[in-house]
Amino acid sequence: MTRFSSIPAEAPRHLVRSSLNNVRKFSTSSRLCDYAETLKNLKIGAHTRVLFQGFTGKQATIVAQESLAWGTKIVGGVKPGVDSAHLGRPIFPSVRAARIRGEPDASAIFVPGDQTARAIEEAIEEEIPLVVAVAEHVPIHDMLRVHSMLKSQSKTRLLGANCPGIISPIGKCRVGFQPLPCFSPGNIGIVTKSGTLSYEAVASTTRSGLGQSLCIGIGGDPLVGTNFVDALNIFEEDPDTLGIILVGEIGGRAELDAADWIKDYHQRNTNPKPIMGLIGGMNAIPGRIMGHAGAWASYGEPNAYAKYEALERAGVVMVNHPEKFGVGIKTLLKSRTSTNGANQRRGLHTKRRMTRSLNGSPQSQQTRSLFVKRFQALEMIKEKSIPVNEAATSESDIFLSLTIDRTALSPCILASPSAGFEPDLTGRFPFAYEGTEFSREHPLIETVASHLQLPTTAHDNLAQIFQGLWQIFTEKEAYLLEVRANTTDTFEVRDARFGFDDAAFRSSGRQAEVQQLRNPVEEVAEEVEAERNGIFYIKLKGHGSIGILVNGAGLAMNTVDALTIRGGHCANFLDTGGKATTEMVKSSLRIITSDRRVKAIFVNIFGGLTKCDMIAEGIIQAFEEMKLNVPVVVRLRGTNEARGQLMISRSGLPLEAFDGFEAAALRVIELAGDRKHFY
């Protein structure tokens, strides 16, 4: 298969749009449906009546109890077929019953990933104004179906999936699971992909005395219902929001869209609200998923540096760690008051510019989930009666791909008249997920054929290959199918590379036969062991003297970035997830210390669902049981942080506890012997 070089930061995109109208209609409104009209539903506050779907589950119960005590108006929850009570609130037997009797303004969906799409669909059918889906591992094809529904209506706004939710500290309204002790009423609007990085930003603005007006976690999945521009539009019109913080990461183009919006915002406002930003994944390995399901860059998508630079050019003040947001935005607000908005960036840049150093060498092969072997992909194509003739690359070969479009929130075709992906030559053609069948008469066939400069006589063969790929895509829940084909004499496939969504198997048990094609023996042993323990681990190449243990993909990416920019060399990326347990911490430390390069370990935890005292207990137990001889620096923030820090300091073990990131980072770099690299 042709291997593709790295993609230019802002490569041209050819967006030839196909019809997306062939979807089911769910809105009862007789006027033209426009999902954009639901944007106002994000304006939650003291008035918002919140419903829980999955009300009686363990996590939902804990969250609901906290939210009620905080002041959120919870009208009850749904448990199918049950008409009872829970936490002093009614249990409704269906979303319809909840809508009629409870009149909710928002629904928090606390069901497992395999049930999330159906729960969203029920809320859409009942026109619940705001739906927040928090679960991770929601299958991509489930979300493609959901977005088909969302586009057909103008009543329901989706936030997520795989997001911490939305919270109004001013209105004491939480629709999600954010750690409440970090929040305080104020005037900073925060929008992030990452949950843990949002908590860091919140804590920083709370400590600076600014507080928050509205915090929107859009989620780390590739197909989300609300994006950065949506949030920025809300913040612009919100009188309580005086400053804005945006935290992005690798994957998709949403940050570039935000940069374009910010440029326009600055042009049409003489005294704009100051905006600060951060991008996670500056040192991510090209092609690797970095914890979040959406934290991977597909063909033609910008890397982290392109996003950083685009936001900076737009006038956003960029930082390399969220701890800097509080002091930074406070200074900008003072500058805005005294200078009427002149040059918000003066004197607020990070200590030094981001440098373009990556851990390991660039690799073109993505590992979003399962990539089958070449011969397995070609066998699937043969089963669809598509001619296959394995051959070396020739000048007459063309590149075809069926994947997802994060902007159109739909499947799309990528097509290039060259043998591999070339940004200047590749067309992008989104199309509707529901009801699509490729035949010669499908309008997309003529459009793609024209882009490829194929004659009319090739339309039948082109339709045949796309119909076959589409069947594989939907039947086996793929997210990326690419082929190299040739049309010189006969239309035939010469090479193929197929990637499949692991969430369909992990959360739903679907596609077991595809997962059986995987051979763990050929994978990195430590990564396989970590996966068995519910941990996301990547062994990084290079000097690698610092092992990291972090909860949350966004925070883990930023930890690697921040240590690297300070002169450290990380041996691994490790995300325990948002629900790290004592056993998970012990397993993580065992995997980290199996790498002989590691000279010091940095544990960086922001406790939300994960409580800092539980993390401290796991670290202490692991240290004692494993007889660790590697120094460990522990930074604990968030839920029960004081208790966790005290446990570490009183343990009598060679553990060093820190509250602030800067001091902790410099200390672990020193312990690892990397101090000489810092400048």
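The following exercises, each with a worked solution, concern a predicted model of a single protein chain.

**Exercise 1. Overall composition**

State how many helices and strands the chain has, and what share of its residues is buried.

Solution. Step 1: the secondary structure amounts to 20 helices and 27 strands. Step 2: of the 679 residues in the chain, 61% are buried. Step 3: for contacts with a separation of 6 or more, 75% are between residues 24 or more positions apart.

**Exercise 2. The sheet around S12**

Determine the strand order of the open sheet that contains S12, and identify its edge strands.

Solution. Step 1: the sheet has seven strands in the order S10-S9-S12-S11-S13-S14-S15, and its pairing is mixed. Step 2: the edges are strand S10 (173-176) and strand S15 (317-318), each of which pairs on one side only. Step 3: helix H8 (residues 304-313) packs on this sheet and touches strand S13 (243-249), strand S14 (275-280) and S15. The direction of H8 makes about 175 degrees with that of S14. Step 4: helix H1 (residues 58-70) lies across S9 and S10 and runs at about 165 degrees to S10.

**Exercise 3. The two partners of S12**

Establish the sense in which S12 pairs with S9 and with S11, and give residue pairs for each.

Solution. Step 1: S12 (residues 212-217) is mostly covered, six of its six residues being buried. Step 2: with strand S9 (residues 165-168), S12 pairs in the antiparallel sense over three bridges. Glycine 165 has glycine 217 as its bridge partner, and isoleucine 167 stands opposite cysteine 215. Step 3: with strand S11 (residues 185-192), the pairing is parallel and extends over six bridges. Here leucine 214 of S12 is the bridge partner of glycine 189, while isoleucine 190 stands opposite cysteine 215. Step 4: the connection from S11 to S12 involves helix H5 (residues 195-207), and the three elements make a right-handed β-α-β unit.

**Exercise 4. The S9-S10 hairpin**

Describe how S9 and S10 pair, and which residues of S9 point each way.

Solution. Step 1: S9 and S10 pair in the antiparallel sense over four bridges. Isoleucine 166 stands opposite valine 175 in S10. Step 2: the two strands form a hairpin with four residues between them. In the turn, lysine 172 has a positive phi of about 55 degrees. Step 3: side chains in a regular strand alternate between the two faces of the sheet. In S9, Gly165 and Ile167 point one way, whereas Ile166 and Ser168 point the other way. All four are buried.

**Exercise 5. The nonpolar cores**

Identify the residues of the largest nonpolar core that touch the most other members, and the helix that gives the most to this core.

Solution. Step 1: nonpolar side chains tend to be buried together in soluble globular proteins. Step 2: the largest core has 106 residues, among which Phe52, Ile166, Val175, Ile216, Leu563 and Phe602 touch the most other members. Step 3: helix H7 (residues 254-267) gives the most to this core, with seven residues. Step 4: a second, separate core has 82 residues, including Val78, Val131, Ile289 and Leu409. Step 5: leaving out residues up to four places away in sequence, the contacts of phenylalanine 602 include Ile546, Leu549, Leu563, Val633, Phe661 and Val668. Among its other contacts are Thr559 and Arg635.

**Exercise 6. Two polar residues in loops**

Decide whether glutamate 126 and serine 152 are buried or exposed, and find a polar partner for each side chain.

Solution. Step 1: glutamate 126 is in the loop between helix H3 (113-125) and strand S7 (130-133). Its relative accessible area is 8%, so glutamate 126 is buried, the cut-off being under 20%. Step 2: the side chain of glutamate 126 makes a polar contact of 2.8 Å with that of arginine 99. Beyond four places in sequence, glutamate 126 is in contact with Val95, Arg96 and Arg99. Step 3: serine 152 lies in the loop between helix H4 (140-150) and strand S8 (157-160). Since its relative accessible area is 0%, serine 152 is buried as well. Step 4: a polar atom of the serine 152 side chain lies 2.7 Å from the backbone oxygen of methionine 149.

Methods:
Residues are numbered from 1 along each chain as its sequence is written. This is a predicted model: local features need pLDDT of at least 70, side-chain atom pairs count only at pLDDT 80 or more; totals for chains, interfaces and linings use all residues. Side-chain values use heavy atoms; hydrogens and water are left out. Buried means under 20% relative accessible area, exposed over 50%, partly exposed in between (1.4 Å probe, protein chains only). A polar contact is a pair of N or O atoms within 3.5 Å; within protein, one must be able to donate a hydrogen and the other to accept it, and residues adjacent in sequence count only if both atoms are side-chain atoms. Contact means heavy atoms within 4.5 Å. A nonpolar core is a set of buried Ala, Val, Leu, Ile, Met, Phe, Trp, Tyr and Cys residues joined through side-chain atoms within 4.5 Å. Two strands pair if DSSP finds at least two bridges between them. A crossover is right-handed if, with the strands pointing away from the viewer, the path from the first strand over the helix to the second runs clockwise. Axes are lines fitted to C-alpha atoms, for helices over the stretch in contact, and angles run from 0 to 180 degrees between N-to-C directions.
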